[in-house]
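Trainee: Could we go through this structure together? I am new to it.
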Amino acid sequence: MKNGIKHWIFKLKYVVAFAIFLGVISFVGESSLMNRVGQQQEISRLRAEIDEYNRKFEQDRKMLNALKFDDEAVRDVARSRYYMKTDDEDIFIIESDEE
């Protein structure tokens, strides 16, 4: 019986060593499988953040171009953001408690 077990262990030593090697590179070290999954999630989050910043940049760029060439856009921004008014207007600011 002992001779049979030793024979199989000797025969499968490369398979066992390969399995241990796969386990080590999967779970230990900086380039492990677990770290790779975390890094991929971080990359996805950062790409979404970049897309959001690009969208805001495009909106601001369009607003800047409108402000350069359109007097009506300047009036709209002055009224909506800075609460400026003409002499014959009254401004009512309504704030919402919802966040």
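Mentor: Helices here are DSSP runs of H or I with at least four residues, and strands are runs of E with at least two, numbered from the N terminus. The model is predicted, so local features need pLDDT of at least 70 and side-chain atom pairs count only at pLDDT 80 or more, while totals for chains, interfaces and linings use all residues. Residues are numbered from 1 along each chain as its sequence is written, and side-chain values use heavy atoms, with hydrogens and water left out.

Trainee: What phi does Tyr83 take, just after helix 4?
Mentor: Tyr83 takes a positive phi of about 55 degrees.

Trainee: And which residues of helix 4 are buried?
Mentor: Ala73, Val77 and Ala78 are the buried ones, where buried means under 20% relative accessible area, exposed over 50% and partly exposed in between (1.4 Å probe, protein chains only). Viewed down the axis of helix 4, they fall within an arc of 135 degrees, so they line one face of the helix. That arc is taken from the directions from the helix axis to the C-beta atoms.

Trainee: What covers them?
Mentor: The cover includes helix 3 (33–69).

Trainee: Changing topic, how many salt bridges are there?
Mentor: There are five, counting a side-chain nitrogen of Lys or Arg within 4 Å of a carboxyl oxygen of Asp or Glu. One of them pairs Arg61 with Glu58, whose closest N and O atoms are 2.4 Å apart.

Trainee: Where do Arg61 and Glu58 lie?
Mentor: Both are in helix 3, three residues apart, about one turn of the helix. Elsewhere, salt bridges with shared partners join Glu42, Arg45 and Glu49 into one network.

Note on methods
Contact = heavy atoms within 4.5 Å.
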